[in-house]
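Reader: I would like a close look at a single part of this model, namely the helix that gives the most to its main nonpolar core, together with the surroundings in which that helix sits. Please take the packing step by step, and go on to the rest of the chain afterwards.

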Amino acid sequence: MAGFWGKRKREEQAEINAQDADLARRAQQSLVAVDERIRLTTEELSFAEAELGESSTKDLREALIAVRTHLGEAFQLHQLNHDEIPDTPEELRTRNARIVQLCEWADQLLDERTSALADDIARVRRAPEILARVRADAERLRERIPHAQSVVDRMRLRYAASAVHQIENSPAEAEQVLSFALHSADVSTRRREAGRADEANLALETATESVRRAETLLDGVEDFEIEALRAESTLAEVIADSRGDLVTARSVPANPEIVSAMRDLEAALAALPAPGSLTDPFAALSGLRTANSALDAVVAKARHRAERPLPSVLQVRHAVDDADRQIAVARSLISGHRGWIGADARTRFAEAERTRTDIDRLPDEEDSREVALHLARRAGQLASEALQLAQRDIDSSRPRDDDWGGGSWGGRGGRGGRGGMGDAMGGILGGLVIGGLLGDMFD
């Protein structure tokens, strides 16, 4: 057996030595790879600064500084592994693991920062192509400005000033924005030729964004005409629906909410402009739809109440009084037998009290009656369950026959005998407790 265990130990040690040797190789290879990566990234940074400017490459520059700083620790650990001072296997293992960790971190950080710049560099290298597209798009959009202006003029003849206000200046704004886009494109070209990459890139972004904004303004003019026609069509449908809703509302039992909602909807219908006049279909549709929705809501509520009437104030008050009484009974029993009451009864009672407190937090409104009735019944049920559980705990905790000392007082006729004094006292005490509680309940 000694030979077996010795062989097993030698095999384990050989496996550990192989793992340590592999870790040492990984540490050395990682150092060489990261050192080369730093050199290449430094060259990439120089090219990126020339194309993007220093402000755009700030993150990569800071990453290189951090990597060089922490890689100094890795090279120092590597040097300690190969100096003349002998090291234990544990020390070598710890240092090599730290070297690998630092190299992996450095490689990951440089990957993140260089990939973040890749899209910017690609876009800058395509700057001439992008600027050419900006100029072409600007000319194309300028051709749409006269049509947009004619749409605005046509809308002024058909709709009120409040409706046309949102687009009446769009053609002129689009012309200004396009002029600014072309100017920014020229600035970008000149700044890039002068080697001022930061300013060139900013002007390039400004030019592309200005063209996008001009296109949005012109699209908005054309979309307005379509949306205005759609609003007019929808308004006619809502008018017909509103008149039908007023007829329906008159068949529902009236209440102040319905009367007020009907008055508001009638006022909204009366406020609509006469046919042939300049209108604001968006404002008219919004106001009429709001009044129509309000009437629908109160009519639906009235119908719901007719199918499911609210409990009366008296019903809610009786339910709350019953819950209070049952909670008081349960509190009295639990407080008087604290050492005998288990967790189930106490938890149920605490929930009953919390539910009862929720009733007091309800707003004093008609719509709160149904919720208050439900909470009151729930609180009473929980208090009743707590009372039953507490009584069960008390009954199970009372001394039984043999708990009084068995037959040491004279057998069956003694204090501990069946049918003797123990049962009598238990019955008397139980009767007093329950009788007192029931008396309080129906007092």
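Author: What follows starts with the chain as a whole, turns to α8 and its partners, and then goes on to other buried positions.

The model is a predicted one, and its secondary structure comes to 14 helices and zero strands, so that the order of elements from the N terminus on reads α-α-α-α-α-α-α-α-α-α-α-α-α-α. Of the chain's 443 residues, 33% count as buried. Among contacts between residues at least 6 apart in sequence, 75% join residues at least 24 apart.

The core is the place to begin. In soluble globular proteins, nonpolar side chains tend to be buried together. Here the largest nonpolar core has 30 residues, and those with the most contacts inside it are Met155, Tyr159, Ile167 and Phe224. At least two residues of this core come from each of α4 (127–142), α5 (145–158), α6 (161–164), α7 (170–193) and α8 (197–250), and α8 gives the most, with nine residues. Tyr159 shows how such a position is surrounded: leaving out residues up to four places away in sequence, Tyr159 touches Val164, Phe224, Ala228, Leu229, Glu232, Leu278, Thr279 and Pro281. Among these partners, Phe224 is itself listed with Tyr159 as one of the residues with the most contacts inside the core. Apart from this core lies another, of 21 residues, which includes Ala261, Met262, Leu265 and Ala268.

On one side of the sequence, the partner of α8 is α7. The two helices pack at an angle of about 160°, with their axes 8 Å apart. Because of that angle, α7 counts as roughly antiparallel to α8, the threshold for this term being over 145 degrees. The crossing of α7 and α8 is left-handed.

Ser188, which lies in helix α7, gives a residue-level view of this region. Ser188 is buried, since its relative accessible area is 1%, where buried means under 20%. When neighbours within four places in sequence are left aside, Ser188 is in contact with Leu131, Ala200, Ala203 and Leu204. The C-alpha atoms of Ser188 and Glu205, which are 17 residues apart along the chain, are separated by 9.1 Å.

The next partner of α8 is helix α9 (residues 256–270), and here the packing angle is about 150°, with the axes 11 Å apart. The pair α8 and α9 is therefore roughly antiparallel as well, and α8 passes α9 in a left-handed crossing. From α8, the residues that take part are Ile239, Ser242, Arg243, Leu246, Ala249 and Arg250, and they meet Ile258, Met262, Leu265, Glu266 and Leu269 in α9. Met262 and Leu265, which belong to this set in α9, are also among the residues of the 21-residue core.

From α9 the picture can be carried on to helix α10 (residues 281–307), where Val298 has its place. Val298 counts as buried because its relative accessible area is 15%. Leaving aside neighbours within four places in sequence, Val298 is in contact with Glu257, Ile258 and Ala261. Val298 and Ile258 are 40 residues apart along the chain, yet their C-alpha atoms are separated by 5.9 Å. Ile258 is also one of the α9 residues that α8 meets.

Two arginines outside these helices complete the account. Arg356, in helix α12 (residues 343–361), is buried, with a relative accessible area of 15%. The side chain of Arg356 makes a polar contact with the side chain of Asp324 at 2.5 Å, and, its neighbours within four places in sequence left aside, Arg356 is in contact with Val320, Asp324, Ile327 and Ala379. The helix that holds Arg356 also packs against another: α12 and helix α13 (residues 369–397) lie at an angle of about 160°, with their axes 8 Å apart. That angle makes α12 roughly antiparallel to α13, and their crossing is left-handed.

The other arginine, Arg37, is found in helix α1 (residues 2–52). Arg37 counts as buried because its relative accessibility is 18%, and, residues up to four places away in sequence not being counted, Arg37 touches Asp107, Leu110, Asp111 and Thr114.

Conventions
Residues are numbered from 1 along each chain as its sequence is written. This is a predicted model: local features need pLDDT of at least 70, side-chain atom pairs count only at pLDDT 80 or more; totals for chains, interfaces and linings use all residues. Side-chain values use heavy atoms; hydrogens and water are left out. A nonpolar core is a set of buried Ala, Val, Leu, Ile, Met, Phe, Trp, Tyr and Cys residues joined through side-chain atoms within 4.5 Å. Buried means under 20% relative accessible area, exposed over 50%, partly exposed in between (1.4 Å probe, protein chains only). Helices (H or I, at least four residues) and strands (E, at least two) are DSSP runs, numbered from the N terminus. Contact means heavy atoms within 4.5 Å. A polar contact is a pair of N or O atoms within 3.5 Å; within protein, one must be able to donate a hydrogen and the other to accept it, and residues adjacent in sequence count only if both atoms are side-chain atoms. Axes are lines fitted to C-alpha atoms, for helices over the stretch in contact, and angles run from 0 to 180 degrees between N-to-C directions. Angles under 35 degrees count as roughly parallel, over 145 as roughly antiparallel, 65 to 115 as roughly perpendicular and the rest as oblique. A crossing is left-handed if the near helix is turned anticlockwise from the far one by less than a right angle, and right-handed if clockwise.
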